[in-house]
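Dear colleague,

Please find the structure handed over below, together with its sequence. A short account of what was found in it follows.

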Amino acid sequence: MTHILEVNPQTLIKKAAEELKKQKLVQPPSWSTFVKTSHAKERTPEDNDWWYHRSASVLRSVARLGPIGTQKLRTKYGSLKGRGHKPEHFYRASGSILRKVLQQLEKSSLIKQTIAGNHKGRVLTAKGVSFMDKIAVQIAKQEHHEKKA
């Protein structure tokens, strides 16, 4: 069986975002069209479906790094801010956006909160693993057919 780490991450996130949108597992809030994703960004995202892509990316990150919390995800999605003549500075991503995404994924029972030893955070549920693995298998089959042709 194909695992999510064996396929191209960009393709996996794109397909997962499409599935999240199609199955209505996450919904962008009304304010999502007006917000920047980080203090370091100058503008709002250009893609109208950015909420689904971020949700799919967070889902993959939870699968790969879990148990993981909001603060680690803020650091993962953060970026450098150009400050004119001054040196660039790293700023973390918006915690509110990531928190809302995690809450929506939790509500759709793809992830759950856990405490594993000293680590507290979110991990994939069985439904989440199944969701991601089905997409990974589809991608692997598609790549296999493209290699044959």
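In which hand, left or right, does α2 pass α3? The crossing is right-handed. Please note that this and everything below refers to a predicted model.

**The α2 and α3 pair**

Two packed helices are described by the angle between their axes and the distance between the axes. For helix α2 (residues 50-65) and helix α3 (residues 70-77), the angle is about 115° and the axes lie 12 Å apart. On the α2 side, the contact is formed by Arg 54, Ser 57, Val 58, Ser 61 and Arg 64; on the α3 side, by Leu 73, Lys 76 and Tyr 77. By character, the residues of this contact are three nonpolar, two polar and three charged.

**Helix α2 itself**

The end C-alpha atoms of α2 are 22 Å apart, which agrees with the 22 Å that its 16 residues should span at 1.5 Å a residue. The helix is mostly covered, since 12 of its 16 residues are buried. Among them are Trp 50, Trp 51, Tyr 52 and Arg 54 towards the beginning of the list, and Leu 59, Arg 60, Ser 61 and Val 62 towards its end. What covers them? The buried residues of α2 pack against α1, α3, α4 (95-107), β3, β4 and α5 (126-148).

**Thr 37**

Thr 37 is found in the loop between α1 (9-22) and α2. Is Thr 37 buried or exposed? Its relative accessible area is 9%, and because the cut-off for a buried residue is under 20%, Thr 37 counts as buried. Leaving aside neighbours within four places in sequence, Thr 37 is in contact with Pro 45, Trp 50, Arg 54, Ala 93, Ser 94 and Ile 97. Of these partners, Trp 50 and Arg 54 are themselves buried residues of α2, and Arg 54 also takes part in the contact with α3.

**The two hairpins**

Strand β1 (residues 79-83) and strand β2 (residues 86-91) run antiparallel and are joined by four bridges. Arg 83 has Lys 86 as its bridge partner in β2. Two residues lie between the strands of this hairpin, where Gly 84 takes a positive phi near 75°.

Strand β3 (residues 111-116) and strand β4 (residues 119-124) also run antiparallel, and six bridges join them. Here the bridge partner of Ala 116 is His 119 in β4. This hairpin has two residues between its strands, and Gly 117 takes a positive phi near 65°.

With kind regards

Methods:
Residues are numbered from 1 along each chain as its sequence is written. This is a predicted model: local features need pLDDT of at least 70, side-chain atom pairs count only at pLDDT 80 or more; totals for chains, interfaces and linings use all residues. Side-chain values use heavy atoms; hydrogens and water are left out. Two strands pair if DSSP finds at least two bridges between them. Axes are lines fitted to C-alpha atoms, for helices over the stretch in contact, and angles run from 0 to 180 degrees between N-to-C directions. A crossing is left-handed if the near helix is turned anticlockwise from the far one by less than a right angle, and right-handed if clockwise. Contact means heavy atoms within 4.5 Å. Ala, Val, Leu, Ile, Met, Phe, Trp, Tyr, Cys and Pro count as nonpolar, Asp, Glu, Lys and Arg as charged, and the others, Gly among them, as polar. Buried means under 20% relative accessible area, exposed over 50%, partly exposed in between (1.4 Å probe, protein chains only). The expected span of a helix is 1.5 Å times one less than its number of residues.
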